[in-house]
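Trainee: Hi! Could you walk me through this one? I have a few quick questions.

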Amino acid sequence: MSDYQPISEHLDDVEGAREDGHRKMDWARQHMPILNALRDDFVADQPLEGQRIGMAMHVEAKTACLVELLAEGGADVAITGCNPLSTHDDVSAALDEHDHISSYAKRGVDDEEYYAAIDAVIDHEPTITVDDGADLIFRIHEEYPELIDSIVGGCEETTTGVHRLRAMDEDDALDYPVFAVNDTPMKRLFDNVHGTGESSLANIAMTTNLSWAGKTLVVAGYGDCGRGVAKKASGQNADVIVTEVEPRRALEAHMEGYEVKPMAEAAKEGDVFITTTGNRDVITDEHFEAMQDGVLLANAGHFDVEVNLDQLSDLAVDTYEARDGVQTYELDDGRRLNVLAEGRLVNLASPIALGHPVEVMDQSFGIQAVAAREIAQNGDEYAAGAHDVPDDLDREIAEIKLHAEGVEFDSLSDEQAEYMSSWDHGT
């Protein structure tokens with residue numbers, strides 16, 4: 001049992017924090033038509049009645065709207081953060097005020113506190129897990145396997161977490177069904193491309209007070225997130241270099257007009273570096289040695305392992321905070337390399353970070369909500385392992401969004417539907 005206390009026990013001015021948190025949530029809610037539409041159904045139908053949902057997410061205003069939706073759909077919810085620096089304490093406190101929500105998320109925790117809070121969530125003995133990065137799922141499997149038989153299923157939000165899930169699945173180590181929410185079109189094509197692209201660049205610009213125009217940006221990785229960063233940066237008149245290890249992604253970046261180079265070469269030219277790979281040691285000492293004075297180093301992958309800060313610390317003769325959220329490492333030749341948000345998710349972990357745009361997260365969290373509903377209602381139909389989100393759920397969220405935007409679209413005639421589903425139509 002964890003003795004870690006909810007956020008309300010950690011704050012001096014709980015009431016003031018809750019007031020600020022509710023104000024942030026109210027603003028987000030005004031711009032989340034998908035969750036608002038689902039809320040009406042969830043309140044009426046109570047699809048999550050009797051479920052205990054354990055969550056590890058970035059606890060800020062948009063996430064809070066999802067958490068409230070799940071609670072109003074009948075669940076008891078316990079939540080903590082999935083990143084030590086992405087929690088908004090005021091939002092966490094506002095959630096903790098709800099009769100059916102316990103929030104353990106707190107900003108600025110160390111590793112021990114981080115996992116103590118996860119353990120506190122697990123103490124609620126969840127029947128459904130909703131995760132971002134798979135730390136909660138992994139913790140249950142490693143430390144609390146006795147709970148697995150009572151878990152109906154789970155959802156995983158992000159690319160890194162899905163990679164972990166699929167690796168567990170391949171090793172027959174994932175012992176309950178989990179939806180790979182990241183991989184469904186309504187999440188991947190919008191959250192990863194537009195959300196990561198817009199929020200990472202906006203946060204870097206606000207944190208540094210610097211322009212993108214005329215700068216050379218090195219984007220490490222050309223998956224959905226890297227594509228979004230490159231696209232948005234080009235739109236703000238930056239020159240973009242892409243680094244890749246996957247030949248087809250490298251070719252895709254080349255044919256879309258970007259320079260493609262090894263990091264060893266790109267390191268000599270970049271003004272700003274953004275890693276989006278989900279892998280470790282993407283930027284290391286050999287690259288630091290080649291970089292120009294004044295470069296900015298930022299990470300838009302899930303964990304803080306893409307820029308090797310241990311190696312950078314070893315090279316530095318001095319470190320200091322140049323601005324809020326910017327740590328400068330001065331090398332022995334006088335060059336200064338500037339790391340944003342301690343190498344953690346730059347769009348969520350810097351002091352002024354707000355995460356993805358509200359409209360984008362409305363889509364992603366809409367998928368989370370209907371996936372949790374599917375688990376509660378039909379969980380026994382899914383075997384242990386990683387599962388794609390059923391396509392009808394993805395389409396449901398798209399249709400809600402189009403309706404909210406006043407966008408009309410065509411549908412197939414019966415003849416067209418039959419033609420598309422048949423194999424015997426030839427020349």
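Trainee: Which residue forms a salt bridge with glutamate 396?

Mentor: Arginine 373 does, and the closest N and O atoms of the pair are 2.8 Å apart. Keep in mind that this is a predicted model.

Trainee: Where do those two residues sit along the chain?

Mentor: Glutamate 396 is in helix 16, residues 391–405, and arginine 373 is in helix 15. The two are 23 residues apart, so to speak a link between distant parts of the chain.

Trainee: Is arginine 373 buried or exposed?

Mentor: Arginine 373 counts as buried, at 15% relative accessibility. Glutamate 396 is partly exposed, with a relative accessible area of 22%.

Trainee: How many salt bridges are there in the count?

Mentor: The count comes to 29 salt bridges. One of them joins the side chains of aspartate 224 and arginine 188, at 3.6 Å from N to O.

Trainee: What does that pair tie together?

Mentor: Aspartate 224 lies in helix 9 and arginine 188 in helix 8, so the salt bridge ties together parts that are 36 residues apart in sequence. Aspartate 224 is buried, with a relative accessible area of 12%, while arginine 188 is partly exposed at 27%.

Trainee: And lysine 261, which residue does its side chain meet in a salt bridge?

Mentor: That would be glutamate 269, with 2.3 Å from N to O. Glutamate 269 is partly exposed, its relative accessible area being 31%.

Trainee: New topic: how many disulfides does the structure hold?

Mentor: Zero. Take cysteine 82, which is in no disulfide: the nearest cysteine sulfur belongs to cysteine 225 and is 14 Å away.

Trainee: Why is there no bond for cysteine 155?

Mentor: Because its closest cysteine sulfur, the one in cysteine 82, is 14 Å away, which is too far for a bond. The cut-off for a disulfide is 2.5 Å between the sulfur atoms.

Trainee: Are these two cysteines buried or exposed?

Mentor: Cysteine 82 counts as buried at 4% relative accessibility, and cysteine 155 counts as buried at 0%.

Trainee: Now the pockets. How much space lies in the largest pocket?

Mentor: About 1,000 Å³. It is lined by 49 residues, and the closest to its centre are Thr159, Cys225, Thr276, Thr277 and Gly278.

Trainee: Which helices supply at least two residues of that lining?

Mentor: Among them are helix 3 (61–72), helix 7 (159–170), helix 8 (185–208) and helix 9 (224–235). The lining of the largest pocket divides into 13 nonpolar, 21 polar and 15 charged residues.

Trainee: What about the second largest pocket, how much space lies there?

Mentor: About 300 Å³. Its lining has 19 residues, and Lys62, Leu354, Gly355, His356 and Val358 are the closest to its centre. Helix 8 gives the largest share of this lining, four residues. By type, the lining of the second largest pocket has ten nonpolar, six polar and three charged residues.

Trainee: Last thing, the sheet. What is the order of its strands?

Mentor: The open sheet has eight strands in the order 9-8-7-10-11-14-13-12, with mixed pairing. Its edge strands are strand 9 (259–260) and strand 12 (316–323), each pairing on one side only.

Trainee: How do strand 11 and strand 14 run?

Mentor: Strand 11 (residues 296–299) and strand 14 (residues 336–340) run parallel, joined by two bridges. Leucine 296 stands opposite asparagine 338 in strand 14.

Technical notes. Residues are numbered from 1 along each chain as its sequence is written. This is a predicted model: local features need pLDDT of at least 70, side-chain atom pairs count only at pLDDT 80 or more; totals for chains, interfaces and linings use all residues. Side-chain values use heavy atoms; hydrogens and water are left out. Two strands pair if DSSP finds at least two bridges between them. Buried means under 20% relative accessible area, exposed over 50%, partly exposed in between (1.4 Å probe, protein chains only). On a 1 Å grid over the protein atoms alone, a cavity is a set of points where a 1.4 Å probe fits but cannot get out, and a pocket is an open set with protein on both sides within 12 Å along at least five of seven lines; lining residues have an atom within 4 Å of a point. Grid points are joined across faces, edges and corners, and a volume is the space filled by probe spheres set on the points. Ala, Val, Leu, Ile, Met, Phe, Trp, Tyr, Cys and Pro count as nonpolar, Asp, Glu, Lys and Arg as charged, and the others, Gly among them, as polar. A salt bridge is a side-chain nitrogen of Lys or Arg within 4 Å of a carboxyl oxygen of Asp or Glu.
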